[in-house]
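Dear colleague,

I am passing on a structure to you, and I would be grateful if you could look through it with the notes below at hand.

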Amino acid sequence: MLESKPTPVVGIGLDSCVIPIRHGGLFLVQSTAFFYPLVDDPYVMGKIACANVLSDVYAMGAVEVDNMLMLLSTSNKMTEKERDTIMPLILQGFKDCAEEAGTAVQGGQTVINPWLIVGGVATSVCTQNEIIIPENAIVGDVLVLTKPLGTQVAVNAHQWLENPDRWNRIKSVISEDDVRKAYQRAMNSMARLNKIGASLMHKYNAHACTDVTGFGLLGHAQNLAKHQKHDVSFVIHNLPIIAKMATISKACGNAFGLLQGTSSETSGGLLVVLPREQAAAYCKDIQAQEGYQAWIIGVVEKGGRTAKIIEKPRIIEVPAKDTEGELW
């Protein structure tokens, strides 16, 4: 039982620490994250940063966040006008995303240095039944992913529109319009909360979860597999990817590692381990509540707590068909 452990139940290595606090029966779930701007829109950047911080807490099944702190560094390379225009928009995006999540930003730290940095801390005080300790995968379970991959490729391709040398590498396989649409899809995906996916983990008896961020799908799957109680391994067969990003990755000689699962993601989806009989209903429920797809991407087999992607995974283009005027 969690209560009998005086040391952290989950420490460094997974998404959030889960610590029994000295006032009986409660646990502190907490995580911090920050990064540098990766999109042009300061307001959306604020939202992405906030969603990214919250995602680590959601991966533990903690849906209600009690408070957020914001970490913000403005750059000394900015003019006063740039700073006074950009920073309030980042702050507003972060604040609005926190509000959407049902929490608030009360505290933080602001500094000036050479780099613009945005991030924060999310804190949730939970009872035991609000937390899903990510260690109970069993043979026969399946892996579900709640957001498509390819955010790094989409953001880079969009930057390359202004870099002729880079653009020449991919212009034969994708149009400028397709790159811009992929960028909009990536921003939309990164700014979207994983709150509903986390809430539904309780309804459908999830056995483990992590969120997919900087180490890519495979890196996070391997880390999750390593922490399992049973002798299991994760085998990934399907890769849902923002439309046409797999094509770009191939045109660049797989430099991003997208099809190998090593491409970095920002504010990616939840990778959830679910009982096989519950997984389809979980995906259907997310679609009904959010209007977004989730996908069964792999299976849990007997093994040595590792994860792998099969040699020729099925690429799922997201969306499967492009609709004029709609992102997804």
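What follows goes from the overall dimensions to the two sheets and then to the helices.

Please keep in mind throughout that this is a predicted model. The protein has 9 helices and 11 strands, and its C-alpha trace spans about 60 × 50 × 35 Å along the principal axes. For 328 residues, a compact globule would have a radius of gyration near 20 Å, and because the protein has 20 Å, the value agrees with that expectation.

As general background, the strands of a sheet pair through backbone hydrogen bonds, and the pairing may be either parallel or antiparallel.

One sheet is open and has 5 strands in the order 1-2-5-3-4, with mixed pairing. Strand 1 and strand 4 (residues 105-113) stand at its edges with a single partner strand each, so one side of each is left without a neighbour in the sheet. On average, and with direction ignored, neighbouring strands of this sheet are turned by 15° against each other. If you follow the chain from strand 1 (residues 17-20) to strand 2 (residues 27-35), you will find that the two run antiparallel and are joined by 4 bridges, with Val18 having Val29 in strand 2 as its bridge partner. The hairpin of these strands has 6 residues between them, and in it Gly25 takes a positive phi near 80°. Strand 2 also pairs with strand 5 (residues 117-126), in the antiparallel sense and over 9 bridges, and Phe27 stands opposite Cys126 in strand 5.

Two helices lie across strands of this sheet. Helix 1 (residues 42-58) lies across strand 2, strand 3 (residues 67-75) and strand 5, and runs at about 145° to strand 2. Helix 2 (residues 80-100) lies across strand 3, strand 4 and strand 5, and runs at about 165° to strand 3.

The other sheet is also open, with 6 strands in the order 7-9-6-10-8-11 and mixed pairing. Its edges are strand 7 (residues 208-211) and strand 11 (residues 307-318), each of which has a single partner strand, so one side of each is without a neighbour in the sheet. Here neighbouring strands are turned by 20° against each other on average, again with direction ignored. Within this sheet, strand 6 (residues 142-145) and strand 9 (residues 270-274) run antiparallel and are joined by 4 bridges, and the bridge partner of Val142 in strand 9 is Leu274.

Finally, there are two helix pairs to examine. The axes of helix 3 (residues 151-160) and helix 5 (residues 176-190) come within 8 Å and cross at roughly 135°, and these helices are therefore oblique to each other. Helix 3 passes helix 5 in a left-handed crossing. Their contact includes Ala154 and His158 of helix 3 as well as Tyr183 and Ala186 of helix 5, and by class its residues divide into 8 nonpolar, 2 polar and 1 charged.

Helix 6 (residues 195-203) and helix 9 (residues 276-290) pack at an angle of about 140°, with their axes 10 Å apart, and they too are therefore oblique to each other. This crossing is right-handed. Among the residues that meet here are Leu200 and Lys203 in helix 6, and Tyr282 and Asp285 in helix 9; by class, the contact has 5 nonpolar, 2 polar and 3 charged residues.

With best wishes

How values were computed: Residues are numbered from 1 along each chain as its sequence is written. This is a predicted model: local features need pLDDT of at least 70, side-chain atom pairs count only at pLDDT 80 or more; totals for chains, interfaces and linings use all residues. Side-chain values use heavy atoms; hydrogens and water are left out. Axes are lines fitted to C-alpha atoms, for helices over the stretch in contact, and angles run from 0 to 180 degrees between N-to-C directions. Angles under 35 degrees count as roughly parallel, over 145 as roughly antiparallel, 65 to 115 as roughly perpendicular and the rest as oblique. A crossing is left-handed if the near helix is turned anticlockwise from the far one by less than a right angle, and right-handed if clockwise. Contact means heavy atoms within 4.5 Å. Ala, Val, Leu, Ile, Met, Phe, Trp, Tyr, Cys and Pro count as nonpolar, Asp, Glu, Lys and Arg as charged, and the others, Gly among them, as polar. Two strands pair if DSSP finds at least two bridges between them. The radius of gyration is taken over C-alpha atoms; the globule rule is 2.2 Å times the number of residues to the power 0.38.
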